[in-house]
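Reader: I'm new to this one and could use a guided tour. Could you take a close look at one part for me, and then show me how it links up with the rest?

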Amino acid sequence: MTGAVGTTAPDRPAREGLGLPVGIWAVTRILLLLCVFKIVVIPGPDVTSDVEEIYQGWYEVLRSGTYPLDDVTWQYPPGAALAILSPALLPFLGYSAAFFVLSLVCDAVVFALLTYAGRRPGRSMRGAWLWVAGVALLGPTAYARYDLMVTAVAVAGLLAAVRRPAVLGALAGFGAMLKVWPVLLLAGTARGRATLRSWPAAVGTAAGVLLLCLLAAPGALAFLGFQRDRGTEVESLGALVFHVARHFGWSGEARMNYGSIEFLGPGVPAVSTAAMVLTIAAFGWLLVWRLRTRRFSTSTTADAAFVAVLLFVTTSRVISPQYMIWLVGLAAVCLVYRASRMRRPAHLVLWATAVTQFEFPVWFSHVSHSDPLGIALLLVRNGLLVVACISACRILWRQTVTEPRLAPVAVPVPREREKTPVGAS
C-alpha cells in the first residue's frame, strides 16, 4: 500500500492553482504602475527622474549615432544601449511610459518563467512567490531602472542551466554586455560538459555583441574611464564609517558625484580601496570554492550565482537600491529547486529589500544627512546583507565541499572463497 500511495500521489506544485499568485502579482504591479505614473506619490526623491532625464537624454544621443562620450554618468557596457533604446519598440507612447510598460513586461516574463519552472515535478513555487514579494517591496524603483530587464535575462539563463548550459552561457554573455554582473552566473557551472558548453558560449556572445556595438557607433568603450574618480556611495557598507564620522567632526561632504550621492573627503580613497580589497577577497573565496567543490546538484549553479552576486553587491563601494532586484531574481531561482538550501539567505535578502524602500526613496533625506534614523536604516539593511552573505557562503561550502568529503564511502566486501569439498580432485 505504501508503494502504491507513493507512486500515485500527485506532486503538490503541479496541483497548486495559479489564481492566487497571479492575482497578487497583478494587484501589486498595478500599484507600482500607479507610483511610476505619479498617480500615487511615494515620499522622498522622485524615483522616475533617472528615466525622464538621464535615460531619455542618453536615448537622444544614441539615436544620433554615438554613445554619450562626454557624460560621466554613462558607466555601463555598450550593450546597455539596447535597454536605453528599447522604448522605441512602443512608438505610440512617450519615452517614460514606454519604459515603464516594458519593465512591466519583463517583470511578467520573470514571473511566468519562475511559475512554469516551479510547477514542474520536483520543483517549488517558492521562487515565484519570492519574486512577487521582492519586486513589490522594492517599490517603484524596480520599474524606474533598467536592472529589471537585465535580471530577466539572468533568470532565464539560470533556469536553462540544467538542461541547456549553452543557453546559460549565451544569456550570461549577453547580460554581461548589458551590466557586467551576469557573468557571475557562470561561477557554479559543473565541471565537464556544462562548463565546456556555457563558458565558450558566453565569451562568443559577449564578443559578438561588443563587436556589433563597436561597429554601430563610436564611443562604445567610453564607459571604462568614467568610474576612475568615484567616491564611496552613501548607501554602501563602507559609507557607514563616514556617516558616523560626520558626528565627530569629519571634514568631508556628501554630494552628487558621477550620478549618485557619494562621500568625498579625507579617508574616502582608503575606504574605497578597502571595499575593492574585500571584493577581490570574495572572488578569491569563490575560486577556492570552485577548486575544492566535490558535488554539483541541480541547484548548485543557481546557488553559486546567488552567492557570487551577493558577495559582489555587499562588498561594493556602491549599493544602489536597484541592485536588490538582482538578488531577488537569483534568490527566486534558487528557491525553485527543492535541493537548494538557500531559503534563509533568500529571506534575509527579502527583508533587506523591504528596508531598502524606506532607505530610498522614503527616508533618503535622513540617509544623506547621516541622522540617527538614516544610520539605523543602513545598519539594518547592510547588516542583513552581511548576514545573508555569511549564511549563503557557509551553506554553499557545506553542501558541496564538506558533506561530500565526510560522506562514508561504501567499500565492497570480497566474497568468501568457496570451500573445496574434501577429497575433490
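Author: Here is a walk that starts at one loop and moves outward from there.

Keep in mind that this is a predicted model. Let's start with Lys-38, which sits in the loop between α3 and α4. What is odd about its backbone? Lys-38 has a positive phi, about 65°, even though it isn't a glycine. For background, most residues other than glycine have a negative phi. As for cover, Lys-38 is partly exposed, since its relative accessible area is 39%.

Now look at the side chain. Lys-38 makes a salt bridge with Glu-52, and the closest N and O atoms are 3.3 Å apart. Lys-38 belongs to the loop between α3 and α4 while Glu-52 belongs to helix α4, so this pair ties together parts that are 14 residues apart in sequence. In general terms, side chains of opposite charge can pair when their charged atoms come close. Glu-52 is partly exposed too, because its relative accessible area is 29%.

The same loop has a greasy side to show you. Phe-37 lies in the loop between α3 (19-36) and α4 (49-63). With Ile-39 and Val-40, Phe-37 makes a nonpolar surface patch of about 280 Å². Is Phe-37 buried or exposed? Its relative accessibility is 40%, so Phe-37 counts as partly exposed.

Next, step along to Asp-50. Asp-50 lies in helix α4 and Arg-145 in the loop between α7 (126-138) and α8 (147-160), so their pairing ties together parts that are 95 residues apart in sequence. The link is a salt bridge, with the closest N and O atoms 3.4 Å apart. The two partners differ in cover: Asp-50 counts as partly exposed because its relative accessibility is 21%, whereas Arg-145 is buried, with a relative accessible area of 7%. The line between those two classes is drawn at 20%.

How many salt bridges are there in the whole structure? A search finds nine. One of them joins Arg-255 and Glu-253, where the closest N and O atoms are 2.8 Å apart. Both ends of that pair are partly exposed: Arg-255 has a relative accessible area of 38%, and Glu-253 has one of 39%. Back at our starting loop, salt bridges that share partners join Lys-38, Asp-46 and Glu-52 into one network.

From Arg-145, move on to helix α8 and find Asp-147 there. Asp-147 is buried, with a relative accessible area of 1%. Which side chain does Asp-147 meet in a polar contact? It is Trp-326, and the contact with Asp-147 is 2.9 Å. Leaving out residues up to four places away in sequence, Asp-147 touches Lys-179, Gln-322, Ile-325 and Trp-326.

Lys-179 leads us to the next stop, Val-180. Val-180 is placed in the loop between α9 (165-179) and α10. Here again is a positive phi in a residue other than glycine, with the value for Val-180 near 65°. Val-180 counts as partly exposed because its relative accessibility is 45%.

On the other side of that loop is helix α10 (residues 193-216), where you'll find Thr-195. Its relative accessibility is 14%, so Thr-195 counts as buried. The side chains of Thr-195 and Thr-189 are joined by a polar contact of 3.0 Å. Setting aside neighbours within four places in sequence, Thr-195 is in contact with Thr-189, Ala-190, Pro-200 and Arg-290.

Let's finish at helix α15. Why does its length check out? Helix α15 (residues 343-362) has 20 residues, which at 1.5 Å a residue should span 28 Å, and its end C-alpha atoms are 28 Å apart, so the two agree. The sum takes 1.5 Å times one less than the number of residues. Helix α15 is mostly covered, with 14 of its 20 residues buried. There's one more backbone surprise here: Phe-360 and Pro-361 are joined by a cis peptide bond, with omega about 10°. Pro-361 is found in helix α15. As a rule, most peptide bonds are trans.

Terms used: Residues are numbered from 1 along each chain as its sequence is written. This is a predicted model: local features need pLDDT of at least 70, side-chain atom pairs count only at pLDDT 80 or more; totals for chains, interfaces and linings use all residues. Side-chain values use heavy atoms; hydrogens and water are left out. Patches are made of residues with over 30% relative accessible area and no salt bridge: like charges are joined within 9 Å, nonpolar side chains (Val, Leu, Ile, Met, Phe, Trp, Tyr) within 5 Å. Accessible areas come from the Shrake-Rupley method with a 1.4 Å probe; for residues, only the protein chains shown count as cover. A salt bridge is a side-chain nitrogen of Lys or Arg within 4 Å of a carboxyl oxygen of Asp or Glu. Helices (H or I, at least four residues) and strands (E, at least two) are DSSP runs, numbered from the N terminus. Buried means under 20% relative accessible area, exposed over 50%, partly exposed in between (1.4 Å probe, protein chains only). A polar contact is a pair of N or O atoms within 3.5 Å; within protein, one must be able to donate a hydrogen and the other to accept it, and residues adjacent in sequence count only if both atoms are side-chain atoms. Contact means heavy atoms within 4.5 Å.
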